[in-house]
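Subject: Structure handover

Hello,

I am passing on a structure that you have not worked with before. Please open it alongside this message.

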Amino acid sequence: MERRTVKDTICIEGFGIHTGKLSRIKIHPAMNDGGAILFVKNGVKIKASPENVVEVRYATVLGGEGERIRTVEHLMSALYGSGVTDAVIEVEGEEIPIMDGSSKEFLEKIEETGTEPLGKPRKVIKVIKPFRVEDNGGYVEVCPCDEGMVVECAISYDHPYLSYQSIEVSVDNGSYKREVAPARTYCFYEQIASLLRSGLGRGGNYRNVVVVGKEGILNGPPRFEDEPVRHKVLDLIGDFALAGYYFNGKVKAYRSGHSLHTKFVKEFLSSDAYEIL
Ligand code: ZN
């Protein structure tokens, strides 16, 4: 596997799910040997890295030198799923556009433009022994696996409709595009008023968010019967992508979110549970 970048600049425009404001991004081919996904906002460069995560409430926010870029996870997930390891992403606005609430449109735009190899091997992180981080009744754990990246994920809420969903996905062999990328973000109907009061969710609508009511999905039909847990896999892949490595191992996540994902990645990277290939 080689490191890859996009063949040409990709321009994307849309509203942020939390700010509700219009923003624009340009995904440029990597100009030099950056070896990473690099965001640029108002001239400030912020590398996609767990060290640069500054907020994890309902979205993953990167920051540095007074600048913030909100809701990077779906774009990071699409880049990982399409094998793009190197790019410069110019951001105009506060937040990455939400598009249809999934990573499908990012993935399609990357595929339309095409990617090209950079002639250098992709950095691979291989799990060599089990490692687990727990938080607030949830956990993320990894163990060695010979089949690339496999994610086993379960969500569970004290909620009559969404008490439990689980799925296992192998991230390779085209299954990311088919099984994960189209899954939209979700929220509970009862949660909407308080989200809006706290200044979040202002760009959410019935097209880009699966709204879960007590008796089922309120804006159905969903794209998958288990769309919420698939979206959780999408988010996890986006947060793991911040590490900058192709991940080789099995991930098990239960009741996880951006806070636990990014905490896990930081602790895992400072552990002795892996080797770099
Ligand atoms: Zn998400």
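Below are notes on the domains, a run of strands and one residue.

This is a predicted model, in which local features need pLDDT of at least 70 and side-chain atom pairs count only at pLDDT 80 or more, while totals for chains, interfaces and linings use all residues. Residues are numbered from 1 along each chain as its sequence is written.

Domains

The domain assignment gives domain 1 (2-121) and domain 2 (124-276); such bounds come from an automatic or database domain assignment. Between the C-alpha centres of domain 1 and domain 2 the distance is 19 Å. Each domain puts residues into the contact: 30 from domain 1 and 30 from domain 2. Two residues are in contact if their C-beta atoms, placed from the backbone, lie within 7 Å.

On the side of domain 1 that touches domain 2, the elements giving two or more residues are helix H1 (73-82) and helix H2 (104-113). H1 supplies the largest share of that side, with 8 residues. Helices (H or I, at least four residues) and strands (E, at least two) are DSSP runs, numbered from the N terminus. By type, the residues on this side of domain 1 are 15 nonpolar, 12 polar and 3 charged. Here Ala, Val, Leu, Ile, Met, Phe, Trp, Tyr, Cys and Pro count as nonpolar, Asp, Glu, Lys and Arg as charged, and the others, Gly among them, as polar.

Strands E6 to E8

Strands E6 (residues 53-55) and E7 (residues 61-64) run antiparallel and are joined by 2 bridges; strands pair if DSSP finds at least two bridges between them. Val53 has Leu62 in E7 as its bridge partner. The hairpin of E6 and E7 has 5 residues between the strands, and Tyr58 there takes a positive phi near 65°.

E7 is also joined to strand E8 (residues 67-69), by 3 bridges and again antiparallel. Gly63 has its bridge partner, Arg68, in E8. The hairpin of E7 and E8 has 2 residues between the strands, and Glu65 in the turn has a positive phi of about 45°.

Val133

Val133 sits in strand E12 (residues 131-135). Val133 counts as partly exposed because it has 19 C-beta neighbours inside 10 Å; buried means 20 or more other C-beta atoms within 10 Å, exposed 12 or fewer, and partly exposed in between, with C-beta atoms placed from the backbone. Leaving aside neighbours within four places in sequence, Val133 is in contact with Tyr139, Val140, Leu260, Lys263, Phe264 and Glu267.

Regards
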